[in-house]
Amino acid sequence: MINDFHYLKPASLKEALAMYAQYDDCKVICGGQSLLIVMRQGMVAPEYLLDIKHVKELSYIKFDDKDGLRIGATTTHREIEKSDVIAKKYPVLVAMEEKLASIQTRNWGTIGGNLAHADPAGDPGPVLIALNAEIKFGSSSGEKTVPLDEFFVDYFETKMEHGDLVLEVHVPAPEPKFGCAYQKFNLLDSDMGIVAAAASVTLNADGTCKDARVVLGNAGPVPLRVTKAEDLLKGKKLDDALFAEAGQIASEEAQPVADIHASEEHRRHVLGVLTKRMLKKAFEQAQKA
Amino acid sequence: MEKQVLRFKVNGDEYEVFIHPKTLLAEVIRDHLGFTGTKRGCETVSCGACTVNINGFSVKSCSVLAIQCQDMEVTTVEGLEKNGKLSPIQRAFLDNGSYQCGFCTPGMLMSATAFISEAKNPTKEQMKESIEGNVCRCTGYNSIVRAIEAVTQGKYKEE
Amino acid sequence: MSHAKYSVINTHVHNIDGVAKVTGRATYTFDVKLPGMLYGKILRSPHPHAKIINIDTTRAMELPGVKIVVTGKDTLGIKQGIWRRYEELCDEQVLPLEKVRYIGEPVAAVAAVTEEIAEAALDLIDVEWEVLPAVYEPLEAIKKEAPTIHEGVERNVNVTRHIEWGDVDEAFEDADYIREDWFKCSGQAHMCMETRAAVSSFTPEGKLTVWASTQSAYYTQGLLAGVLGLREGDVRVLAPYVGGGFGGKFELDAAMFCSAVMSMKLFKPVKVVFSREEDFIASKRRTPMFYYVRTGIKKDGTFCARESRMFSNGGAYTGMGATALYLSGFFHSFPYKWRGYRYDGYRVYTNTLPSTSMRGFGAPQAMFCSEQQIDWICADLGLDPFEVRRKNGHTEGYEVPGQAFIASCGLEQCINEIEKWVKSKGKLPANRGIGISSCGFMSGGIFNWFDSPYSFSSAVVTINVDGTVELHVGCQDIGQGSNTTMAIIAAETLGVKVEDIRVHSGDTAHCPADLGAWGSRQTLMAGNAVKMACEDAKKQLLEFAYAEMGINIVYDLDIKDRWVHIVARPERGLPYGDLVKKALRAKDGQRIMGRGYYTPHRKGMISPAYSYMMQAVDAEVDPETGKIKIHEVMTAHDCGQPINQLGLVGQLEGAASMALGYAYLEDMPFEDGKMMNPNLVDYKVIKAPEMPEAGIIEIDTYEPEGPYGAKEAGEGLTNPTAAALGNAIYNAMGIQMKELPITPERVLKALREKKEAQK
């Protein structure tokens, strides 16, 4: 049962930040696709609810060859999925969005809300970290930009403090020989991942690995970067044996928690398989790029 | 905690309701306005039986605060038919037997309607994905996909 | 038999409730709102097994808006069960007086002016418990030292069932090869889109009206009258549209009972709707079963004997579980001829959600074990699985000794068609395989454990002056399309069009009694009643036609497409509408009325007729993750004469989706008696992207006992799928899956074990 709350509807970002600063027991709603579920379960019961769904200033997708991609926080998943420029420059984002819950959820839910909710099983986190994204958030007293992989602190917790709103996600312009892939393991296509892995590979002109990223979804309290696996690949000429070894490392580094859908052992095993596969896929994309 | 006035359009008509801000769109549609075509089948935003269209986009009305729909246009299953003429997808559902118990049908129709309005030469996989937010326990979905396919192929015209 | 002679049967007919359903006009119990209606909520047990020491409702009653709180003490305390004929199987008080036996069992109910207040009041009911030791698995509960769940029931054995024919031991001695296996079959939630719901309205003249989401308005009426101390005729049950049933909605449920009890005390309408979570934890489930199967076979593939022992997790109460116990054992023999067959089934009480009937009625579990073991035996002996099934399969005229007579059987054609289809697929890529499974199913049960004094099915047809037809039936449309099927049979029989027929169903006050929608009974049983009623009416009409047309009595008259004519000279006749007007006048203004009824007689122990089928499932396994992808399902199906074309395809595809879910997705794990996934996030039902193409090949047979040669279709199609998927995985990967559902983790475990065994 949802508790009674005072409803705050700011007309602008400035007003939103001012209101948020003013009320202590206040939660932010945008699409509310995650929030309303936990409110219905009574797990979250704020006195004030700040609705930023209609703060148009935060709804945009901008791309520039130098600066890269900037997505405003209240941009819906569906807008990202349907964006031509994202499809062209960051196809992995579109592929990720297409498998994020259902169309209804993507139509109403927003990228900022998803990241602020900080569910380690969320899809955008691992992919955006693999894309080396950073996130801008801010309050009435100022803005801050941090790399996305530093943003998540714990289960459902981020670096943001009370009064902070997610403002923007920034993804750097893709390097020339770059590939990125993401896959989740689930029983139903539209489900959250039981586990997931995102990987990106940047190649040097000579074909060796310039940079690599491995990020696991639902494998710990936050999207988990496996730097040990990344370090293994950097500077090397990549091949299947290395991908398998990286997968093995990912499997060992992961901190998955068992539930009815899979044991810890199975999760680790699948994380290894997905890491191996996604690295290979990212590598092949980078080669073709 | 004070109630607020929500003004919005449902199926083309203006409505004004006085609601607690916590009221879900599904509750306003069903309980306040009496459009019981919209169903509810879960508490976890999983089943899609409550799907309606807001400004043409499908949403699950149990996952939207009604107050967020201020000045918007909502269409429910009751709004698909115009003056007794069924919409193309409604007719295609009849021809393909795309329903059995009928409880998921309104939500399915709303998902399908939104999809058809924007789909350009969709693949079968896209048609299936267009209703993946909707659970049907009776049909096995294939007859629903056949109906969507028939409409996207232009076999049904607006009457 | 030629299908061409029919004008309506097996043609493309829209579901007659279609427009109501696609426009949102169809009103379900979930949608019913009456003036002054109150909303009820149910307090449920948090303990799997506990004595109720005291329930204090004072604080709840004080909450503004609360109108009543009831507990078992406010009821007559009658123990009820749908096996009404057998007192010892009536073991469930919907609001128990002394103790609870599973988590989620109702304890008290509240009615208030809003649902929200009712729910808030639940927290204010103080229950004092004495928690008792509990037991959750049948193989534990049957032990001597296990806690007693029902007083006086030794070792918690609720019902046993022995089925035997032939000299089993001798037949085993003749076998060249004997194989034995253990299997574990899971439960499954019906997961009807409309959760259990009821609105009860009791009025001062002592009459109760109940809108209920039920598969049988008549059973609901009888069961409610029994527990409320009312005459059946004083209880009217309405079930206008029902949002799915699948075997889970023909027992008395707490929505019906609690709303009625509270309405009778308040003289106001009370509505109770289960939340999805309540529906999962407290609305019963498919019966989980442990099967031991021992099969003896000759080198040439001739079946000798089978012996099986089955232990089912009955949960806390009997319900329909006793029937599932019997049918599982019977269909475990299907569709083969055994010289000796022996089945011993034990339904064991546990402190879990009661189990009951669900689409397939015990047969999907039985087939999962039987049809996989047959494939493994074929592999062990180097035999062809198609050939072995053909060799031992039922044929027309076969008698299952002492149990059943097979009057129509298209099994061999089903096997031939699927064999052709499988071979046409050629060689499959690695990790992909096709598995087959055959089975059969009943067309309604012959049993009368409900002790109904009425015919199993009845129909009344009346013809209005304009030729339109009112068809009153007791059979229940729960989405399977029975109203349409009955309209088709009526239109065909009367020689009119489907749009001439108005079907009245789901109302005990106006429709004749009928056992309702379960066990695939309605097409055959209610269909026969409708056909008889329409033949009765038509005969009366034709009597006037003879007189009117003044023709030689040696000629036969008939009506087709609203044209009354001489069969031998179809151009000679008169319009049906004209005849109806005249007949009405000739009857002193009385409408033509026909009556029909059906009760099976001398048809064995189980069912008047049996459908047959073989199914193939084409599936692929990811050898690294264990994930299964279903590529296609193909079914060859003998349901006699198809009646409702669109409905039949819908039933087939729907059964495939539900049975695939059972095979590899749906599970109901319990920990300490608590269901771990009572929501649609964690309980996995198949969705559109997972659903494969599911084709159908109809085999043409004629069932003499069925209306126009029809028999069951739809429920039986749930039976073969889990086994066929298991066989597909066996063929793809060489692993034997003995536990349901076939999860990625179980697949990987089996692959690992296979690897280790090869070392």
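**Chain B**

I started with the contacts of chain B in this predicted model, and found that residues 24 or more positions apart account for 60% of the contacts with a separation of 6 or more. I then went through the secondary structure, which comes to five helices and five strands, and wrote down their order from the N terminus as β-β-α-β-β-β-α-α-α-α. The radius of gyration of chain B is 16 Å, close to the 15 Å that the globule rule gives for 159 residues, so I noted chain B as being as compact as a globular protein of that length. Taken along the principal axes, the C-alpha atoms of chain B fill a box of roughly 50 × 30 × 25 Å, and buried residues make up 63% of the 159 residues.

**Chain A**

I looked up the corresponding values for chain A, whose secondary structure comes to 12 helices and 14 strands. A compact globule of 289 residues would have a radius of gyration near 19 Å, and I find 19 Å for chain A, which agrees. The C-alpha trace of chain A spans about 60 × 45 × 30 Å along its principal axes, and 56% of its 289 residues are buried. Of the contacts in chain A between residues at least 6 apart in sequence, 64% join residues at least 24 apart.

**Where chain C meets the other chains**

For the contact between chains C and B, I have 45 residues from chain C and 41 residues from chain B. On the side of chain C that touches chain B, α1 (18-22), α8 (276-282), α16 (645-664) and β32 each supply at least two residues, and the largest share, eight residues, comes from α16(C). I sorted the residues of that side by class and obtained 20 nonpolar, 17 polar and eight charged.

Turning to chain A, I noted that 15 residues of chain C are in contact with 12 residues of chain A. The elements of chain C that give two or more residues to this side are α3 (115-122) and α18 (744-758), and by class the side has five nonpolar, two polar and eight charged residues.

**Domains of chain C**

I took the division of chain C from the domain assignment, which gives domain 1 (29-134 + 190-282), domain 2 (362-447 + 609-758) and domain 3 (456-598). The centres of domain 1 and domain 3 of chain C, taken over C-alpha atoms, are separated by 39 Å, and the contact between these domains takes 16 residues from domain 1 and 14 residues from domain 3. On the domain 1 side, α6 (217-228) and β11 (235-238) of chain C give two or more residues, with the largest share, four residues, coming from α6(C). By class, I recorded nine nonpolar, six polar and one charged residues on that side of domain 1.

**Helix α12 of chain C**

I checked the length of α12 (residues 411-424) of chain C: at 1.5 Å a residue its 14 residues should span 20 Å, and the end C-alpha atoms are 20 Å apart, which agrees. Which residues of this helix are buried? I listed C:Leu411, C:Cys414, C:Ile415, C:Glu417, C:Ile418, C:Glu419 and C:Trp421. What covers the buried residues of α12(C) includes α11 (385-392), β20 (432-442), β28 (610-621), β29 (628-638) and β32 (693-698) of chain C. Just after the helix, C:Gly426 takes a positive phi of about 70°.

**Nonpolar core**

The largest nonpolar core has 399 residues, and those with the most contacts inside it are A:Leu216, C:Leu471, C:Ala490, C:Val530 and C:Ile729. I followed C:Ala490 further: leaving aside neighbours within four places in sequence, C:Ala490 is in contact with C:Val461, C:Val469, C:Leu471, C:Ile501, C:Val530 and C:Cys534.

**Backbone exceptions**

I went looking for departures from the usual backbone, given that most residues other than glycine have a negative phi and most peptide bonds are trans. The peptide bond from C:Phe334 to C:Pro335 is cis, with omega near -15°, and C:Pro335 has its place in the loop between α9 (321-331) and β16 (340-349) of chain C. A cis peptide bond also joins C:Leu740 and C:Pro741, with omega about -10°, and C:Pro741 is found in the loop between α17 (721-733) and α18 of chain C.

I then noted C:Arg155, whose phi is near 50° and which lies in the loop between α4 (138-141) and β7 (157-165) of chain C. Because C:Arg155 has 14 C-beta neighbours inside 10 Å, I count this residue as partly exposed. C:Asp672 has a positive phi of about 50° although it is not a glycine, and lies in the loop between β30 (670-671) and β31 (674-675) of chain C. With 11 other C-beta atoms within 10 Å, C:Asp672 is exposed.

Note on methods
Residues numbered from 1 in each chain as written. Chains lettered and ligands numbered in written order. Predicted model: local features only at pLDDT ≥ 70, side-chain atom pairs only at ≥ 80, totals over all residues. Contact = placed C-beta atoms within 7 Å. Nonpolar A, V, L, I, M, F, W, Y, C, P; charged D, E, K, R; others polar. Rg over C-alpha atoms; globule rule 2.2 N^0.38 Å. Buried ≥ 20, exposed ≤ 12 C-beta atoms within 10 Å, placed from the backbone. Expected span 1.5 Å × (residues − 1). Domains from an automatic or database assignment. Core = buried A, V, L, I, M, F, W, Y, C linked by C-beta atoms within 7 Å.
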